[in-house]
Amino acid sequence: MGGIFVLAEHRQQQLRDVTFEMLTKSRDLADKMNTTLTAVILGKNVKELAKPLTEYADKVLVVEHDLLENFVSDYYQSALVHLIDQEKPLLTMIAHSSIGMELAPRLAAALNIPLATDCIDLTFEDDRLVVTRQIYGGKINARVIVRKADRYIVTARQAAFKAQKPPRPINGQMIEVPYQPPSEEVKKRFLELVTPPPGAVDISSAALVVGIGRGIKDKSNIPMVEELAQMLGGVVGCSRPIVDKGWMPSDRQIGQSGKSIKPKVYLALGISGAFQHLVGMKGAEVVIAVNKDPNAPIFGHADYGVIDDLFKIVPALKKKIAEARGS
Amino acid sequence: MNIVVCVKHVPKCAEAEIRIDPTGRDIEKHGLVYDINEWDDYAVEEAVRIKEKFGGSVTVVTVGPEEANSTLRKCLARGADNAIRVYDPKLVGSDPYVIAKVLYKVIKNLQFDLVLTGVMAEDDGSATVGPMLAEFLKIPHATMVKKIELKDHKAAIVHRELEGGLMEVVEVKLPALFAIQTGINEPRYVSILGIRRAMQKEIKVLGLKDLSLDESEVGYAGSWTLIDKLFVPPAEKVCQYLKGSPEEVATQILGILKSRGLF
Ligand SMILES: Cc1cc2nc3c(=O)[nH]c(=O)nc-3n(C[C@H](O)[C@H](O)[C@H](O)COP(=O)(O)OP(=O)(O)OC[C@H]3O[C@@H](n4cnc5c(N)ncnc54)[C@H](O)[C@@H]3O)c2cc1C
Ligand SMILES: Nc1ncnc2c1ncn2[C@@H]1O[C@H](COP(=O)(O)O)[C@@H](O)[C@H]1O
């Protein structure tokens with residue numbers, strides 16, 4: 001049996017956190033199954049970057065090539081098709097990230113290997129791969145059985161697993177593997193990375209963030225929350241739909257494709273708690289969620305919950321603050 | 001530009017009470033409100049905008065039961081020209097792999113320069129169908145697309161959204177598949193009148209035979225993944241609920257802020 005592969009993810013000369021999360025989970029799985037863990041890193045000049053991987057994986061396969069300098073799924077795919085065909089890993093784990101979401105489904109289809117995406121847990125039960133994933137916006141978890149095969153591909157949700165050093169020293173072996181370019185013409189070309197312009201307000205360092213979600217209903221209701229935040233010396237952040245609608249600038253978005261915040265208190269108003277939002281608010285010391293739906297997933301990630309209408313709570317808060325300040 | 005857009009008819013769950021049904025493998029669908037998948041709404045709008053600029057046609061395709069016609073009609077009202085619905089009772093239980101295969105069988109027979117999907121479906125959240133379909137069609141693809149600039153009819157410059165607000169710009173030759181991210185545009189309002197007018201338009205319905213698909217390739221039989229059991233996610237934190245009138249709740253919230261030195 002061919003062990004476990006983890007695709008190490010890196011960007012701008014840094015290994016991403018999810019790489020270590022996947023390695024930790026896979027180390028555990030590999031130890032339980034008495035098999036080997038292999039990290040795979042693709043890129044240009046990534047040997048130095050790959051070093052920390054040897055502390056987790058028994059083998060680190062380094063594939064370097066000019067064509068792998070930037071992420072273009074076609075070039076990544078040909079490298080992985082080759083490696084998977086050759087080494088026949090039982091499981092290949094890729095992050096459910098902007099890289100993995102572009103790469104994994106197509107790779108699985110090309111190799112005809114069963115795929116389960118966005119997994120928050122996985123185990124092998126009698127040789128069958130069983131995963132847990134979330135459906136219906138995080139309101140329900142599903143135990144999913146993957147069709148029996150001799151190889152599997154999964155994508156792992158970012159921040160679903162906790163990164164930890166292995167229980168014993170590993171000292172994996174680094175092995176350089178030649179790159180196999182695609183046999184067919186690649187019809188996609190990387191042009192550039194564009195970093196977001198710095199915004200006027202920095203929500204990532206604020207001590208108090210008041211977050212608004214789709215529950216705010218209309219743009220005209222935002223000033224009411226701006227006022228509340230101002231009274232408390234905090235800033236207003238938001239979930240993605242608020243930015244999508246153009247109601248707030250993108251630098252206010254909290255979450256996977258927005259910013260991470262680490263306030264003393266995060267007051268979330270009318271936000272359901274999709275995991276892409278949750279990853280951005282993980283750093284908050286205290287989370288207070290106001291939502292009229294008692295089953296909103298955000299309550300599972302909040303220290304304090306208010307099951308009520310935000311249009312009642314916000315005015316009451318403003319009134320109480322004014323009273324306390326004697327005005 | 002001939003554009004095919006894949007759309008899914010999904011239950012809207014954000015504000016609904018979701019209950020697991022007695023089989024333990026599905027949710028109670030009764031009473032849920034269905035509509036077009038949020039991501040697909042943006043994809044259809046993008047397709048219609050491209051058509052309005054460059055000419056051509058927009059064809060929407062869904063795999064789903066008769067009720068999914070309402071989603072197709074919404075797309076027709078928004079400016080799509082043709083609608084195709086694939087259905088067979090045997091399709092029940094199909095995972096995204098099967099859906100991608102079915103869509104491939106439909107789309108390979110159409111004339112297209114672009115295929116658009118959403119990044120993910122709100123219900124299964126798998127974010128799989130787009131890239132898989134691109135592999136079956138043997139065309140290049142890009143996901144998390146936030147901007148499409150067409151250079152003549154031969155290539156497109158697209159902006160892909162990465163983590164933390166970072167964007168990646170790539171050039172992709174056509175025909176290509178793009179999985180659309182929300183916020184790429186502002187979907188236009190569709191009037192009731194528009195939807196009523198779209199009632200007269202034809203929806204082409206296809207079955208497994210029309211697509212030369214065997215029963216064994218679809219539904220549970222053909223799927224890679226099978227839901228074994230549903231359960232309510234365990235809470236990660238113990239949430240203390242603040243109770244009382246809004247004023248009482250407000251007082252408690254201010255107490256928490258005070259204890260953190262924020263008030
Ligand atoms: C690749 C990718 C990246 C993403 N990145 C991000 C990201 O960075 N940040 C992000 O936030 N999302 C992101 N998303 C989107 C995410 O999946 C959700 O769609 C989004 O977070 C939902 O926002 P919401 O909670 O505001 O809206 P909804 O899910 O619609 O929830 C609205 C909530 O408001 C409540 N509500 C309604 N009215 C009231 C009221 N009067 N009082 C109190 N409560 C009320 C409802 O009960 C509901 O829970 C991403 C998605 C993808 C696929
Ligand atoms: N049943 C379906 N019919 C048509 N298109 C679908 C269907 N399911 C998924 N899609 C398309 O695939 C995208 C991603 O869905 P998923 O991979 O299921 O998360 C959706 O946004 C749709 O564009």
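The cavity lined by A:V63, A:A79, A:H82, A:L83, A:V177, A:P178, A:Y179 and A:Q180 is the largest in this predicted model, and its volume is about 30 Å³. Beyond that cavity, the model holds ligand 1, which lies between chains A and B, and ligand 2, which is surrounded by 20 residues. The points below take up the cavity, the two chains, the two ligands and some local features of chain B.

**The cavity**

- The structure holds one cavity of 30 Å³ or more, and the residues that line the largest cavity divide into six nonpolar and two polar, with no charged residue among them.
- Helix α3 of chain A, which runs over residues 73–87, gives the largest share of the lining of the largest cavity, namely three residues.

**The two chains**

- Chain A has 327 residues, of which 61% count as buried, and its secondary structure comes to eight helices and 17 strands.
- The C-alpha trace of chain A spans about 75 × 45 × 35 Å when it is taken along its principal axes.
- Chain B has 263 residues, of which 59% count as buried, and its secondary structure comes to seven helices and 13 strands.
- The C-alpha atoms of chain B fill a box of roughly 65 × 45 × 40 Å, again taken along the principal axes.

**Ligand 1, between the chains**

- Ligand 1 lies between chains A and B and is surrounded by 32 residues, of which the closest are A:S239, A:I254, A:S257, A:S272 and A:N291.
- Two serine side chains of chain A make polar contacts with ligand 1: an N or O atom in the side chain of A:S257 is 2.7 Å from a nitrogen atom of the ligand, and an N or O atom in the side chain of A:S272 is 2.7 Å from an oxygen atom of the ligand.
- The backbone takes part as well, in that a polar backbone atom of A:K292 is 3.2 Å from a nitrogen atom of ligand 1.
- Taken alone, ligand 1 exposes 990 Å², and the protein buries 95% of that area.
- Three helices of chain A, α6 (240–244), α7 (275–281) and α8 (310–324), each supply at least two residues of the shell around ligand 1.
- By class, the shell around ligand 1 divides into 10 nonpolar, 14 polar and eight charged residues.

**Ligand 2, with its closest residues in chain B**

- Ligand 2 is surrounded by 20 residues, and the closest of these are B:C6, B:D40, B:A121, B:A127 and B:T128.
- Backbone atoms of chain B make polar contacts with ligand 2: a backbone N or O atom of B:A121 lies 2.8 Å from an oxygen atom of the ligand, a backbone N or O atom of B:A127 lies 2.8 Å from an oxygen atom of the ligand, and a backbone N or O atom of B:V129 lies 2.8 Å from an oxygen atom of the ligand.
- On its own, ligand 2 has 480 Å² of accessible area, and the protein covers 98% of it.
- In chain B, strand β4 (57–63), helix α3 (96–107) and strand β6 (114–118) each supply at least two residues of the shell around ligand 2, and the largest share, three residues, comes from β4(B).
- The shell around ligand 2 has 11 nonpolar, six polar and three charged residues.

**Local features of chain B**

- B:A47 has its place in helix α1 of chain B, which covers residues 38–54.
- B:A47 counts as buried because its relative accessibility is 0%, where buried means under 20% relative accessible area.
- The C-alpha atoms of B:A47 and B:V63 are 19 Å apart in space, while the two residues are 16 apart in sequence.
- Helix α2 of chain B, residues 69–78, is mostly covered, with eight of its 10 residues buried; these buried residues are B:N69, B:T71, B:L72, B:R73, B:K74, B:C75, B:L76 and B:R78.
- After α2(B) comes B:G79, a residue with a positive phi near 130°.

Methods. Residues numbered from 1 in each chain as written. Chains lettered and ligands numbered in written order. Predicted model: local features only at pLDDT ≥ 70, side-chain atom pairs only at ≥ 80, totals over all residues. Heavy atoms only, no water. 1 Å grid on protein atoms, 1.4 Å probe; cavity = no way out; pocket = protein on both sides within 12 Å on 5 of 7 lines; lining within 4 Å. Points joined across faces, edges and corners; volume = space filled by probe spheres on them. Helix = DSSP H or I, 4+ residues; strand = E, 2+ residues; numbered from the N terminus. Nonpolar A, V, L, I, M, F, W, Y, C, P; charged D, E, K, R; others polar. Near = heavy atom within 4 Å. Polar contact = N/O pair within 3.5 Å; in protein donor to acceptor, adjacent residues only side chain to side chain. Areas by Shrake-Rupley, 256 points an atom, 1.4 Å probe, with all protein chains shown as cover. Buried < 20%, exposed > 50% of the residue type's maximum accessible area, 1.4 Å probe, protein only.
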